[in-house]
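Hello,

Here is the structure we spoke about. Please open it first, then read the notes below it.

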Amino acid sequence: MVEGRVVQIGLLGFGTIGSSVYRLIQKERDQILEGTGVDLRVKKVLEIAPSRIPTDAPTGLFTTDFAEIVDDPSIDVVVEVIGGTDAAFDFIDVALRSGKNVVTANKQLLASRGEALFTLAKDERRHLRFEAAVAGAIPIIKVMRESMIAAGLHTVYGIVNGTTNYILTRMHQEEGDYAEILLEAQELGYAEADPTADVGGADAAAKMAILASIAFHSRVTLSNVVYAGIESITLDVVRHAKELGFVVKLVGAARLIEGKVSVRVFPALLPTNHPLASISGSNNAVFLEGTDIGEIMLMGPGAGGVPTATAVVSDIVSVANTKDVGFLQSCSCYRRLGFYAAEEVESAFFIKVSVADEAGVLAQIASIFGAQGVSIANMIQEGRGDEAELVLTTHPTKERQFFAAIEQTKGLACCRTEPMTLRVL
Ligand SMILES: NC(=O)c1ccc[n+]([C@@H]2O[C@H](COP(=O)([O-])OP(=O)(O)OC[C@H]3O[C@@H](n4cnc5c(N)ncnc54)[C@H](OP(=O)(O)O)[C@@H]3O)[C@@H](O)[C@H]2O)c1
C-alpha cells in the first residue's frame with residue numbers, strides 16, 4: 001500500500017450528491033492514492049436530517065454542528081453540497097476565513113452571490129472550486145478555465161438542463177404532450193417535485209451565467225441573464241418544427257457581440273444537423289466557439305449523484321495537488337465588460353399562427369414583415385375549414401424589428417390566434 005499525503009475533508013450535506021461523494025471516495029480512495037499520492041479521507045459530515053444518516057455510519061462521522069468542521073485544524077477541504085443561497089453562503093464564507101479550501105456544486109449560489117466569495121477566496125489565498133456546479137460530470141469548467149485560456153472564446157451554446165432536455169426529447173419522439181411527460185419525469189425522479197427552476201429556465205440561466213463569466217473573463221450574474229422556459233411548448237409546435245427539419249431544445253446562448261456580453265436562455269429550434277440537436281434525454285452538452293479553436297463540443301451526464309460526485313472529487317484532488325493557489329485563481333473575471341441589449345441581438349425566428357383561410361392574408365403578413373425589414377425564409381400553410389395554420393421561419397433580424405412586426409400582426413383581423421414565436425439557432 002502506497003503511503004500518501006492525507007487530505008481530510010469536511011462534507012456539508014449528505015443528500016444525493018453528498019452521499020455519492022462519500023461513497024465514491026471510499027470506492028476510489030486506493031486508485032486516487034496510487035495515481036496522485038493523495039489519501040482522501042472524509043473526517044466529518046454535517047447533516048441536519050437524521051433520516052439521511054446511514055445506520056452503519058462510523059461513530060462520530062456525522063455532526064449537526066458546523067464548528068466541529070470549521071474549527072478542526074486537520075480538515076483541509078470543505079465540500080458544500082447542501083444547496084440554497086443563504087446557509088451555504090455563510091458556511092463557505094466562514095470556511096474560507098478559517099483557512100479551508102472549498103469545493104461546491106452550488107450554481108444558484110455562485111451565479112447570484114459568487115463575486116463576494118471569489119474575492120474572499122482570493123484575499124485568503126484559498127481555492128473555491130466548482131466543477132460540479134455546471135453540467136454534472138462534464139469537465140467543462142476546468143477545460144474552459146485552463147485548456148481554453150488562449151482559445152479566444154466568443155460563443156458558448158449549452159444544453160445545460162437535463163430535465164427539460166428529457167421532456168423535449170420525448171416530445172420529439174411523439175411520446176406525449178408537455179404536461180404528461182413532465183408528470184412521468186417526476187414519477188421517475190428525473191424532475192423535481194417542484195420543477196419550476198428547471199422548466200422555467202432559471203437553473204440553466206444560473207449555469208450560463210457561470211460559463212459566460214469564465215468564457216469572457218467578466219462577471220455575469222443570474223440577474224444579467226434573460227431567460228425563458230419550455231412551459232409553452234406544445235406537441236403541435238414540436239411536430240411543425242420537425243416537419244421543417246428542426247428539433248426544439250432549451251438552449252443557453254452566451255456571446256460576445258461587439259465587445260459586449262449577451263447571455264440568454266430560451267427554447268429554440270435547432271437544425272437536425274447541428275451538433276447540439278443530437279443531445280438526447282437527460283444529457284447535457286456545451287458547444288464552444290473561439291477565434292483560435294473553431295468549434296469544440298463536450299457532452300455527457302449533466303446531473304445525478306455519482307456523475308456529479310466525480311466532478312466534486314476531481315476538484316478535491318486538484319486542490320490537494322495544487323501548490324498555494326496555483327497558476328489560476330479560483331475566479332478569472334479580470335475585466336468588466338458591458339452587456340449587449342437583448343433587443344439588438346439578431347435572431348432568426350419560427351412563427352405559428354392561425355389565420356382566416358382567404359385570399360390576401362399572406363400578402364398582409366408579408367407586407368408588415370417587409371416594412372420592418374424581416375425577411376421570410378420558409379413557409380408551410382395547412383387549411384382547416386375556414387381557418388389555416390401558417391408556419392413561417394425568418395432570416396436573422398434584430399429582435400426589436402421582429403417583435404415590432406409581431407405586435408402589428410396581432411392587430412390584423414385575419415389572425416385568429418396570437419402568433420407563437422420561437423428563436424431558430
Ligand atoms: N442532484 C443533482 O443531480 C445535482 C447536480 C449538480 C449539482 N447539484 C447541486 O448540489 C447541491 C446539493 O444537491 P442535492 O441534489 O444533493 O440536494 P439534496 O439531496 O437536497 O441534499 C442536500 C442535503 O443537505 C442537507 N441540508 C440542507 N441545509 C442544511 C444545513 N443548513 N445544514 C446541514 N445540512 C443541510 C439537506 O437536508 P434536508 O433533506 O433536511 O433538507 C440534504 O440532506 C445543490 O447545490 C445542487 O444544485 C445537484
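The largest pocket has a lining of 48 residues. Nearest its centre are Thr-16, Ile-17, Lys-107, Glu-192 and Ala-303. Please keep in mind that this is a predicted model.

**The largest pocket**

The space in the largest pocket comes to about 1400 Å³. Six helices each give two or more residues to its lining: H1 (16–36), H4 (107–123), H6 (162–172), H8 (196–199), H9 (202–216) and H11 (305–320). H1 makes the largest contribution, with three residues.

Which classes of residue make up that lining? There are 20 polar, 19 nonpolar and nine charged residues.

Where does the pocket lie with respect to the domains? Domain 1 covers 5–136 + 307–320, and domain 2 covers 140–301. Both of them give residues to the lining, so the largest pocket lies between the two.

**The cavity**

How many cavities of 30 Å³ or more does the structure hold? There is one. Its space is about 140 Å³. The cavity is lined by 18 residues. Closest to its centre are Phe-118, Phe-130, Ile-210, Ser-213 and Arg-219.

Two helices, H4 and H9, each supply at least two of the lining residues. H4 gives the largest share, which is five residues. H4 and H9 also appear among the helices that line the largest pocket.

By class, the cavity lining has ten nonpolar, five polar and three charged residues. Both domains take part here too: domain 1 (5–136 + 307–320) and domain 2 (140–301) each provide at least three residues of the lining.

**A helix pair**

One of the pocket-lining helices, H6, also comes up in a helix crossing. Two packed helices are described by the angle between their axes and the distance between the axes. For H6 and H7 (residues 178–188), the axes come within 10 Å. They cross at roughly 130 degrees. Angles from 115 up to 145 degrees fall in the oblique class, so H6 is oblique to H7. The crossing of H6 past H7 is right-handed.

**In short**

The largest pocket holds about 1400 Å³ of space and lies between domain 1 and domain 2. The largest cavity holds about 140 Å³, and its lining also draws on both domains. If you set up a view of the pocket, Thr-16, Ile-17, Lys-107, Glu-192 and Ala-303 mark the residues nearest its centre.

Best wishes

Notes
Residues numbered from 1 in each chain as written. Predicted model: local features only at pLDDT ≥ 70, side-chain atom pairs only at ≥ 80, totals over all residues. Heavy atoms only, no water. 1 Å grid on protein atoms, 1.4 Å probe; cavity = no way out; pocket = protein on both sides within 12 Å on 5 of 7 lines; lining within 4 Å. Points joined across faces, edges and corners; volume = space filled by probe spheres on them. Helix = DSSP H or I, 4+ residues; strand = E, 2+ residues; numbered from the N terminus. Nonpolar A, V, L, I, M, F, W, Y, C, P; charged D, E, K, R; others polar. Domains from an automatic or database assignment. Axes fitted to C-alpha atoms, helices over the stretch in contact; angles between N-to-C directions. Parallel < 35°, antiparallel > 145°, perpendicular 65-115°, else oblique. Left-handed = near helix turned anticlockwise from the far one by under 90°.
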